[in-house]
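The exercises below ask you to read a protein model step by step. Try each task yourself before you turn to its solution.

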Amino acid sequence: PTSAYSGYYWTSIAGGGNSGVPSGIAAGNWMRIIRKGNSLTSYRAPDSGGNPGTWIQIGQPQTIIMTTPVWVGFFVNNASGATGTLNTCTFTGLSITALNKAPVIAANASGNITPVALDGTITDDNLPAAFTSTWSQRNGPSTISFGNASLIDTTAAFTTDAGIYGLRLTADDTSTVSFFDLNFTGYLTPWSAWQGAQFPGGSGNPNAAMLLDPDFDGLPNLLEYATGTDPESSAPSNVAQDTVTVSTQNYLRLTVTKNPAANDVTYTVQATSDLTDANSWSSAGLVIEASTSAQLRVRDNVAMAGGVRRFMRVLVSR
């Protein structure tokens, strides 16, 4: 009714003053608002046989601070309407279409011993195009070598022990770039990872050396590591002996509880009848009853009969 009017109003922040621009909107026009973050751009188009004609941008994109949820609708200002001729608005065919949602990323490191397995997850609407992903290094004491930096699930290898590494997984859908940052402390071997978990300062701690016994329980750190006991708390050994009867004969048996993470050590059970002869210890002929990542159980092959004394031990090395 008032000819030139502002058909496009915006308020930059809730409760603030509004601004507007003449839009040329007329009855039967189509309107489109595109939101990208806090930036909104408005368009109009004349009707063309029930469909929008050429879209014409109204003014410039406006920055409007919004919090969720966002409500969509039309607003009619009657303040300048002639008496008895209030402005009205009706619309049909309202639709809300995601032109593009930013990729959502999550990632974690499976383990901390080189090469570390990287497990990423990216969800996206594949708009405006299918995303591409890239792993990159943010920081760390040595250069990361990725198995394939363009794969969501890959590996990260490094050459410096006991260091904090920062990685980033990035997804780019040609319109929006998202990223997820991942930090972990990396180790070169399971042994150094165990040192880092048990001693402040890891391998640099004077008490962390392989043959030391900081809790004075008779078990050096290497044996505590191999059998899964606490090196700073005196406790019974996880190496136990018993006897077993096979075909009426009794045999000595040794059972070792193993640390499943200690895959860089070897366990060798030996037996002898003479403790005075260091060269008499041997594993020849011993019967392995069980050998898993968590347990080793070995039976002697010489029966406890006729006054024969038998001794068994486990040798741990790395």
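**Exercise 1.** Find the strand in which Arg44 lies, and work out which charged partner, if any, its side chain has.

Solution. Arg44 lies in strand S4, where strands (E, at least two residues) are DSSP runs numbered from the N terminus. The model is predicted, so local features need pLDDT of at least 70 and side-chain atom pairs count only at pLDDT 80 or more, while totals for chains, interfaces and linings use all residues. Residues are numbered from 1 along each chain as its sequence is written, and side-chain values use heavy atoms, with hydrogens and water left out.

Next, Arg44 is buried, meaning under 20% relative accessible area with a 1.4 Å probe and protein chains only. Arg44 nevertheless has no salt bridge, a term for a side-chain nitrogen of Lys or Arg within 4 Å of a carboxyl oxygen of Asp or Glu. The nearest side chain of opposite charge, Asp47, is 12 Å away; here Lys and Arg count as positive and Asp and Glu as negative, with His and the chain ends not counted.

Finally, leaving aside neighbours within four places in sequence, Arg44 is in contact (heavy atoms within 4.5 Å) with residues including Trp30, Trp55 and Ile58.

**Exercise 2.** Describe the sheet that contains S4 and explain which strands stand at its edges.

Solution. Three strands form an open antiparallel sheet in the order S3-S4-S7, and two strands pair if DSSP finds at least two bridges between them. Strand S3 (30-36) and strand S7 (56-63) stand at the edges because each has a single partner strand, so one side of each is left without a neighbour in the sheet. Strand S4 (residues 39-45) and S7 pair over five bridges, and Ser39 stands opposite Thr63 in S7.

Key
Helices (H or I, at least four residues) and strands (E, at least two) are DSSP runs, numbered from the N terminus. Buried means under 20% relative accessible area, exposed over 50%, partly exposed in between (1.4 Å probe, protein chains only).
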